[in-house]
Amino acid sequence: MLESLKEAAENFCVHQIGASCEIKDAPTNKRTLIAYIDVQAQDQKRYRVYIASDNDFMQKVSKLFLEEEKSDEETLKEMTLETANLIIGSAKVIAEELGISYTMGTPHFAKVGEFDFSFDERKVVHIDNAELIIAIKELDA
């Protein structure tokens with residue numbers, strides 16, 4: 001699942017934001033806006049997929065979709081939910097092309113703060129100094 005999420009995040013950066021990105025393993029301890037979507041795989045395992053971004057990353061998204069130079073925190077939270085939906089939805093399509101299917105729930109906003117949730121796998125997408133964390137946690141383990 002992480003591979004399809006990485007690909008979806010890269011596609012989002014290149015085709016939506018219009019910027020190349022770099023994928024790394026470890027994030028910094030920046031203040032982040034954190035959303036998640038629960039998914040259920042075809043084998044009935046359930047996962048929580050987190051999308052967490054710093055303000056710089058989400059401001060790029062807000063500028064793209066809303067044409068706002070400086071969005072307030074409430075707007076950035078909404079953009080975090082929308083970004084989670086777009087990336088995880090795109091990953092679902094990519095996974096289905098590989099014969100892997102899952103169902104998605106609705107996005108939920110978790111919090112603003114350091115990403116300190118338990119996870120099984122994580123990657124960090126960087127555009128310059130802006131960060132987007134993608135993390136997965138199996139819920140039934």
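**Helix packing and buried polar residues**

Apart from its neighbours within four places in sequence, Lys 6 is in contact with Ile 23 and Lys 123. In this predicted model, Lys 6 belongs to helix 1, which comprises residues 2-17. The contact partner Ile 23 is 17 residues away from Lys 6 along the chain, and the C-alpha atoms of the two residues are separated by 7.9 Å. The relative accessible area of Lys 6 is 18%, and because the limit for burial is set at under 20%, this lysine is classed as buried.

A second buried residue is found in strand 2, which covers residues 32-41 and contains Thr 32. With a relative accessibility of 1%, Thr 32 counts as buried. A polar atom of the Thr 32 side chain lies 2.6 Å from the backbone oxygen of Gly 113. Gly 113 is also among the residues that Thr 32 touches when those up to four places away in sequence are not counted; the set consists of Ala 52, Ser 53 and Asp 54 together with Lys 111, Val 112, Gly 113, Glu 114 and Phe 115.

Helix 3 extends over residues 73-97, and for these 25 residues a span of 36 Å is expected at 1.5 Å a residue; the end C-alpha atoms are 36 Å apart, in agreement with that expectation. After helix 3 comes Gly 99, for which phi is positive, near 85 degrees.

The axis of helix 3 comes within 9 Å of the axis of helix 2 (residues 55-66), and the two cross at roughly 85 degrees. Since angles of 65 to 115 degrees count as roughly perpendicular, helix 2 and helix 3 are described as roughly perpendicular to each other. On the side of helix 2, the contact involves Asn 55, Met 58, Gln 59, Val 61, Ser 62, Phe 65 and Leu 66, which meet Thr 75, Leu 76, Met 79, Thr 80, Thr 83 and Leu 86 of helix 3. The residues of this contact divide into 7 nonpolar and 6 polar, with no charged residue.

Gln 59, a residue of helix 2, takes part in this contact and has a relative accessibility of 14%, at which it counts as buried. Leaving aside neighbours within four places in sequence, Gln 59 is in contact with Leu 76 and also with Glu 68, Glu 69, Lys 70 and Ser 71. Of these partners, Leu 76 is one of the helix 3 residues listed in the contact between the two helices.

Note on methods. Residues numbered from 1 in each chain as written. Predicted model: local features only at pLDDT ≥ 70, side-chain atom pairs only at ≥ 80, totals over all residues. Heavy atoms only, no water. Helix = DSSP H or I, 4+ residues; strand = E, 2+ residues; numbered from the N terminus. Buried < 20%, exposed > 50% of the residue type's maximum accessible area, 1.4 Å probe, protein only. Polar contact = N/O pair within 3.5 Å; in protein donor to acceptor, adjacent residues only side chain to side chain. Contact = heavy atoms within 4.5 Å. Expected span 1.5 Å × (residues − 1). Axes fitted to C-alpha atoms, helices over the stretch in contact; angles between N-to-C directions. Parallel < 35°, antiparallel > 145°, perpendicular 65-115°, else oblique. Nonpolar A, V, L, I, M, F, W, Y, C, P; charged D, E, K, R; others polar.
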